Amino acid sequence: MLKSLETQGSLTAGELPTFDYAEWTEGTEELAEKSVEELAGMLGLPSVAVPGMNETEDPVGIVDPWTVEGQLAMDGEGAVPLGLFGHQWQGLVKLVYNLMHRRNTLLMDSVRVGKTAQAISTLLMYEFIR
């Protein structure tokens, strides 16, 4: 993009384009009013669970979930539910849509909002759809 702007004469070498942040949008506004169930349905999922993702986690995290001991801990009474929050489902729907339409996407938000879970869920959904 920068190269094409330079050739048009609107920028000089080394100059970055400016961006009006007042025009910035979340990119998921059209999904804001959807329930988690509706968002999962938009992905073709029969339930509110990402295929391949653990449904529980060990809250203490001292057991490797990939071992037999870890699997028992995840099925035990101390395990807690693991899943995406509503805003993460919105992001997942948008990420999968953009991925399937070959659109580059930036996933950006505040720290500790769940970008890693959304990225992993997107990969799991890609594998599920494929």
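Start at Arg112. Arg112 counts as exposed because its relative accessibility is 82%, and the cut-off for exposed is over 50%. Keep in mind that this is a predicted model.

**Stop 1: the loop between H4 and H5**

Stay on Arg112. This residue lies in the loop between H4 and H5. Check its backbone: phi is near 65°, a positive value in a residue other than glycine.

Now select Arg102. The loop between H4 and H5 holds Arg102 too. Phi of Arg102 is near 55°, again positive in a residue that is not glycine. Is Arg102 buried or exposed? Arg102 counts as exposed, because its relative accessibility is 80%.

Next, pick Leu106. Leu106 is found in the loop between H4 and H5. With a relative accessibility of 69%, Leu106 counts as exposed.

**Stop 2: a nonpolar patch**

Keep Leu106 selected and add Phe19, Tyr21, Trp24 and Met108. Together, these residues make a nonpolar surface patch. Show the surface here. The patch covers about 660 Å².

**Stop 3: the largest pocket**

Leu106 and Met108 lead on to the next stop. Both are among the residues that lie nearest the centre of the largest pocket. Add Glu26, Gly27 and Thr28 to complete that central group. How many residues line the largest pocket? The lining has 20 residues. The volume of this pocket is about 650 Å³.

Now select residues 86-100. This is helix H4, which gives the most to the lining of the largest pocket. Its share is six residues.

Colour the lining by residue class. In the largest pocket you will find six nonpolar, 10 polar and four charged residues.

**Stop 4: the second largest pocket**

Move on to the second largest pocket. The space inside is about 250 Å³. Which residues line the second largest pocket? Select Met53 and Glu57, then Leu82, Gly83, Leu84, Phe85 and Gln88. Finish the selection with Ala117, Ile120 and Leu124.

Which helix gives the most to the lining of the second largest pocket? Select residues 115-129 to see helix H5, which gives the most, with three residues.

Colour this lining by class as well. The second largest pocket has seven nonpolar residues, two polar and one charged.

**Last look**

Return to Leu106 to tie the stops together. Leu106 sits in the loop between H4 and H5, helps make the nonpolar patch, and is one of the residues nearest the centre of the largest pocket.

Key. Residues are numbered from 1 along each chain as its sequence is written. This is a predicted model: local features need pLDDT of at least 70, side-chain atom pairs count only at pLDDT 80 or more; totals for chains, interfaces and linings use all residues. Side-chain values use heavy atoms; hydrogens and water are left out. On a 1 Å grid over the protein atoms alone, a cavity is a set of points where a 1.4 Å probe fits but cannot get out, and a pocket is an open set with protein on both sides within 12 Å along at least five of seven lines; lining residues have an atom within 4 Å of a point. Grid points are joined across faces, edges and corners, and a volume is the space filled by probe spheres set on the points. Helices (H or I, at least four residues) and strands (E, at least two) are DSSP runs, numbered from the N terminus. Ala, Val, Leu, Ile, Met, Phe, Trp, Tyr, Cys and Pro count as nonpolar, Asp, Glu, Lys and Arg as charged, and the others, Gly among them, as polar. Patches are made of residues with over 30% relative accessible area and no salt bridge: like charges are joined within 9 Å, nonpolar side chains (Val, Leu, Ile, Met, Phe, Trp, Tyr) within 5 Å. Accessible areas come from the Shrake-Rupley method with a 1.4 Å probe; for residues, only the protein chains shown count as cover. A salt bridge is a side-chain nitrogen of Lys or Arg within 4 Å of a carboxyl oxygen of Asp or Glu. Buried means under 20% relative accessible area, exposed over 50%, partly exposed in between (1.4 Å probe, protein chains only).
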